[in-house]
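Biologist: I would like to go through some of the labels used for this model. For each one, tell me what value stands behind it and which cut-off it is set against.

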Amino acid sequence: MPELIDGPARTTKDIGPPGVPRRGRQLSLLGGALLVDSTEASLVSGLFPLIRQSLGISLGALGVLTAASKIVGVFTGPFWVWAAQRWSRKGVLVLATGLWGVWGVAAGFSQNFAQLLVLYTILAAGYAAAHPVITEIIGDLFDSSSRGRAVGFVYGAVALVSSVIGPLKGQLAGVDDGWRWGLWGIGAFNILLGCGIWLWFRDPGRGAAERQLADLGQEARAAQAARVTWSQAVALFRVRSLFILLVSRLLSGHLLISTFGVVYLVDVFGFSTQVASVVLLPMGIGYFLGTLLGGFAADWAARRSPRYGLVAVLQGAQFAFAVTAFFGTQIEYDGIALFAVFFGLMGMAQGINPPVNRPMVMAVTPPEQRAAAFAIYVSVFEAIAWAAFSLGAGFLADVIGLRPVFLWVLVILMLVNGAVLTLLYRPYAQDVARVQGELDRRRREALSAGWHRGDASTAAGPDPCRPARCASGVTGPARLR
């Protein structure tokens with residue numbers, strides 16, 4: 001038995017919380033990439049009345065635009081995840097969520113709906129990389145005890161900035177071809193952000209925040225984790241907790257509010273675009289507060305009840321949204337003020353979701369499979385849900401009106417969603433225990449194979465084990481292959 005530089009194998013209880021350096025700066029850069037993605041989507045929906053007037057199209061065209069941008073992500077999201085595993089997560093972020101902004105600039109020059117549809121869809125094809133790759137990296141920056149707050153912070157910050165930008169975008173309604181200026185501005189900012197990611201982002205490596213793996217170093221972690229194959233990705237559907245979360249995502253009717261919210265107030269209650277856009281500020285602030293509340297509630301609930309806590313918080317958020325959506329969309333009020341209050345409450349209920357469901361997906365999948373899991377969760381299932389709701393609502397609104405559509409999707413379907421999450425109470429704790437057992441096994445194998453403790457303060461990975469202390473005389477990761 002070789003003498004390990006790490007000393008005797010330690011249990012996970014002996015391992016202190018892992019510390020990834022400069023993770024605040026890394027999180028800010030990742031948040032910037034998510035901000036561009038969300039701002040681009042809300043720009044088209046928020047200024048659609050202007051686009052409709054400028055290009056002479058119907059309300060159903062908004063559903064087509066939104067559906068096309070989401071459906072393309074079903075195909076390109078998994079591709080970007082594959083590219084990030086094959087080459088570099090940083091490289092994918094620089095290209096897909098940064099330099100890809102040139103397509104946004106091009107979309108601003110569209111002269112008809114067909115051109116806008118093609119260019120906007122190409123733009124969305126790149127942005128599909130943002131959520132699965134970025135969420136995977138957040139799981140490598142923060143350990144399980146702080147992921148809820150980390151996800152809540154980044155999604156909340158994005159929502160807060162978006163809430164400030166929202167009314168400003170609404171003021172573009174007073175500018176000739178204001179929607180074009182919005183696309184040009186977002187595209188240019190996106191390109192600058194890509195340059196910033198290229199200069200300052202440092203990838204911590206997969207598994208860098210796992211207590212069992214953090215001190216082994218990046219090369220040892222990579223050697224222990226097999227490259228994800230298509231069969232392994234398909235096998236994720238057999239993880240019961242993940243499967244239930246995927247079904248819940250298909251039932252997430254609250255996705256419709258961000259696409260049709262402003263248009264709803266314009267068409268149903270007769271507000272102007274500039275006045276209706278005011279609700280984006282309280283909705284964004286509510287979403288921000290919801291992500292912070294959700295992050296702290298998630299970490300607190302997980303400590304109080306590891307088996308049921310997170311599930312209860314997630315389920316409660318769905319029921320809360322359904323109630324506030326009823327009062328915020330089905331009752332007419334004098335003026336925009338009360339609508340703004342209820343849109344803020346809807347934003348808060350919706351904001352609780354990311355800091356709860358994202359850490360849940362991380363908890364039931366090993367580090368190397370998380371990007372694939374998020375590609376399925378966000379790029380495929382969420383995209384399908386968003387496309388179905390947007391496309392269906394757009395065409396149904398032309399037939400029966402938006403008001404009954406909002407009642408069925410935002411209220412009734414969300415109550416069904418909350419009920420479905422009851423199925424999570426049994427399998428979630430078992431799936432978490434399975435992943436923790438796998439990480440414990442990897443640590444034991446890495447230590448027994450002669451890996452010494454890597455420098456957890458860098459992302460460069462460990463030095464290979466010293467030749468004199470390797471049992472077979474073979475150094476580095478070759479010992480684990």
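Biologist: What makes R434 and D431 a salt bridge?

Modeller: A salt bridge is a side-chain nitrogen of Lys or Arg within 4 Å of a carboxyl oxygen of Asp or Glu. For R434 and D431 the N to O value is 4.0 Å, so the pair is counted under that definition. Both residues lie in helix α21 (residues 427–448), 3 residues apart, about one turn of the helix. Helices are DSSP runs of H or I of at least four residues, and strands are runs of E of at least two, numbered from the N terminus.

Modeller: As to the origin of the values, this is a predicted model, in which local features need pLDDT of at least 70 and side-chain atom pairs count only at pLDDT 80 or more, while totals for chains, interfaces and linings use all residues. Residues are numbered from 1 along each chain as its sequence is written, and side-chain values use heavy atoms, with hydrogens and water left out.

Biologist: Why is D431 called buried, and what is R434 called?

Modeller: Buried means under 20% relative accessible area, exposed means over 50%, and partly exposed is in between (1.4 Å probe, protein chains only). D431 has 7%, so it is buried. R434 has 39% and is therefore partly exposed.

Biologist: Which other salt bridge lies in helix α21?

Modeller: E438 and R441 both lie in helix α21, again 3 residues apart. Their closest N and O atoms are 2.6 Å apart. Both ends count as partly exposed, E438 because its relative accessible area is 25% and R441 because its value is 29%. Elsewhere, salt bridges that share partners join R89, E136, D140 and D203 into one network.

Biologist: How many salt bridges does the structure hold, and which one links distant parts of the chain?

Modeller: The structure holds 9 salt bridges. In one of them R149 is paired with D299, with 2.6 Å between the closest N and O atoms. This pair links distant parts of the chain, since R149 is in helix α8 and D299 in helix α15, 150 residues apart. D299 is buried because its relative accessibility is 8%, whereas R149, at 36%, is partly exposed.

Biologist: What do α8 and α15 give to the nonpolar surface patch?

Modeller: The patch is made by L160, V164, L281, I285 and L289 and covers about 360 Å². The elements that give two or more residues to it are α8 (147–171) and α15 (280–304). α15 gives the most, with 3 residues.

Biologist: Why does V164 qualify for a patch?

Modeller: Patches are made of residues with over 30% relative accessible area and no salt bridge; like charges are joined within 9 Å, and nonpolar side chains (Val, Leu, Ile, Met, Phe, Trp, Tyr) within 5 Å. V164 has 47% relative accessibility, so the area condition is met. V164 lies in helix α8.

Biologist: Why is helix α4 described as largely enclosed by the rest of the structure?

Modeller: In α4 (residues 89–96), 6 of the 8 residues are buried, so the description follows from that count. The buried residues are R89, K90, V92, L93, V94 and A96. A96 is buried because its relative accessible area is 0%. Leaving aside neighbours within four places in sequence, A96 is in contact (heavy atoms within 4.5 Å) with W80, G126, Y127 and A129.

Biologist: Why is the pair of F327 and F342 called stacked?

Modeller: Rings of Phe, Tyr and Trp (its six-membered ring) pair if their centres lie within 6.5 Å; planes under 30 degrees apart count as stacked, over 60 as edge-to-face and the rest as tilted. The structure holds 16 aromatic pairs. For F327 and F342 the centres are 6.1 Å apart and the planes at 20°, so the pair is stacked. F327 is in helix α16 (residues 309–329) and F342 in helix α17 (residues 337–351), 15 residues apart.

Biologist: Buried or exposed, what are the accessibility classes of these two rings' residues?

Modeller: F342 is buried because its relative accessible area is 17%. F327 has 37% and is therefore partly exposed. Both belong to one aromatic cluster, with Y264, F269, F271, F326, Y333, F339 and F406.

Key: Accessible areas come from the Shrake-Rupley method with a 1.4 Å probe; for residues, only the protein chains shown count as cover.
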